[in-house]
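Open the model in your viewer and keep the selection panel at hand. The stops below say what to select next and what is there.

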Amino acid sequence: MFKKAAWEQYEAADRESLNAFAEDYKAFLSAGKTERECVTEAVKAAKAAGFADLREVIREGRKLSAGDRVYSAWMGKDFMAFIIGNQSLEKGMNILGAHIDSPRIDVKQNPLYEDEGIAYFDTHYYGGIKKYQWVALPLALHGVIVRRDGTKVTLAIGENPDDPVFYISDLLIHLAQDQMGKTAKDVVEGEALNVIVGSEPLKGEEKEAVKKAVLALLKERYDIEEEDLLSAELELVPAGAARDLGFDRALIAGYGHDDRVCAYPSMRAVLDFEGTPEYTACAILTDKEEIGSVGATGMASHFFENTCAELYNACSEAYCELGLRRMLRESRMLSSDVSAGFDPNFAGVFEKKNAAIVGRGVCFNKFTGSRGKGGSNDANAEFMAEVRRVMDENQVDFQTAELGKVDVGGGGTIAYLCSKYGMNCIDAGIAVLSMHAPWEIISKADLWEAYKCYLAFLRDCKAPAD
Ligand code: MN
Ligand code: MN
């Protein structure tokens, strides 16, 4: 089944909308370099779009009805937005889900030390990375430091052109004979990802003078003691903004496309939705996908179900456990996560007919998983048919794909966690080149088709025939 590039269908007006959306996305990507920052941006956008905080609704004991718009943030790392539909909640929701955590280098709890005149932070990387890709490039430090009294310092250092950056050094080629013979997995070891944070000694000090100077700066600028780093979440990410790529500017190079390139249009589709949808519309931006959706903010936790229970309660005369279960079971979901874009430089790991091609539209994966579909959510053919109908009727360019050749590898998403409720769920997403590298690549056309796909899904997707 040959597919033309999505670009072929665009007229001048489409290109204008596509480019404007891409600019908005780049701004989101550059401002949201951590899950917390993405939630901050999402809350800002939700408020601007007239969405009410579900906590306020609960506090005031207000009831919600069709057309009402609410959002909910959880621990500053998860975000959900809802538009109450015309149908009762027990008919299910149309849900868009994506994750906002991305692979990165986390700072350890006891990080600061000095070695031969250089001060370092010790780190523990987060998610699946090729460690050798994260050395010898400028890094920015983002996150929070929470003092014992609960007050919080929020940091983002390294993004403004005037800011300093941080850096993990690599071995010079001249002395790398042994290193170059190692397998890529061992070229740079996890424990060697030590980040340079300072090198000027504190005048008059003899022992650990550089470390002391760094601590003095932290005290002076942020009123932070060394012990406050015990209760900090600091993330090192590639420094700098997302950029257009290529003479034609058709691609975007940015940090964290996985999975903010799905999270952003998912969020926008709900916030931009005009009028009242037939079924309640929902966007979930979740955390911790890259390490297995664990923890209180991962999709495996109950934050989503709890929020749905609150929503159900706010929409009904009386709370009903069975009603909530029906609401979840009857829902339909696009679990959106990036797909491995076919890379001609590494053609051997893909099966071309079933690979996601950059620029050919939003990508559906009936299943993910690896080696015999292990760990996969396998979407029902009936649901897939309904999704196809919605895409075709709304002129959305889409393709279907698997993540690489059958026995080569694979990966998972949040789909299997949502389908636990019995809801229809399919993986949908955007092709990415250099996935999990510090700078990843996506096509503006795919971003635009994903946004069109999400809007159409919220508006038109119905329960598939049994
Ligand atoms: Mn992902
Ligand atoms: Mn990933």
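**Stop 1: a helix crossing**

H7 and H12 cross with a right-handed sense (right-handed if the near helix is turned clockwise from the far one by less than a right angle, left-handed if anticlockwise). This is a predicted model, where local features need pLDDT of at least 70, side-chain atom pairs count only at pLDDT 80 or more, and totals for chains, interfaces and linings use all residues. Residues are numbered from 1 along each chain as its sequence is written, chains are lettered from A and ligands numbered from 1 in the order in which they are written, and side-chain values use heavy atoms, without hydrogens and water.

Select residues 257-272 for H7 and 444-460 for H12. Helices (H or I, at least four residues) and strands (E, at least two) are DSSP runs, numbered from the N terminus. The two axes come within 9 Å and cross at roughly 40 degrees. Axes are lines fitted to C-alpha atoms, for helices over the stretch in contact, with angles from 0 to 180 degrees between N-to-C directions. The helices are therefore oblique to each other (not under 35, over 145 or 65 to 115 degrees).

Now show side chains. On H7, the residues meeting H12 include Val-261, Pro-265 and Ala-269. Their partners on H12 include Leu-447, Tyr-451 and Leu-458. Contact means heavy atoms within 4.5 Å.

**Stop 2: manganese, ligand 1**

Select ligand 1. Which residues donate to this manganese ion? His-99 (NE2), Asp-258 (OD) and Asp-337 (OD, listed twice) do, at 2.1 to 2.6 Å. Donors are N, O and S atoms within 2.8 Å of the metal (3.2 Å for Na, K and Ca); water is not among the atoms, so sites may look incomplete. Along the chain the spacing reads H-x158-D-x78-D. His-99 sits in strand S4, and Asp-337 in the loop between S14 and S15, 238 residues apart. His-99 is buried at 1% relative accessible area, and Asp-337 is buried at 8%. Buried means under 20%, exposed over 50%, partly exposed in between (1.4 Å probe, protein chains only).

**Stop 3: manganese, ligand 2**

Step to ligand 2 through Asp-258, which bridges the two manganese ions, 3.3 Å apart. Besides Asp-258 (OD), the donors of ligand 2 are Glu-290 (OE, listed twice) and His-436 (NE2), at 2.0 to 2.5 Å. Glu-290 is buried at 13%; His-436 is buried at 17%.

**Stop 4: Glu-386**

Finish in helix H10, at Glu-386. Glu-386 is buried at 9%. Beyond neighbours within four places in sequence, Glu-386 contacts Asp-460, Cys-461, Lys-462 and Pro-464.
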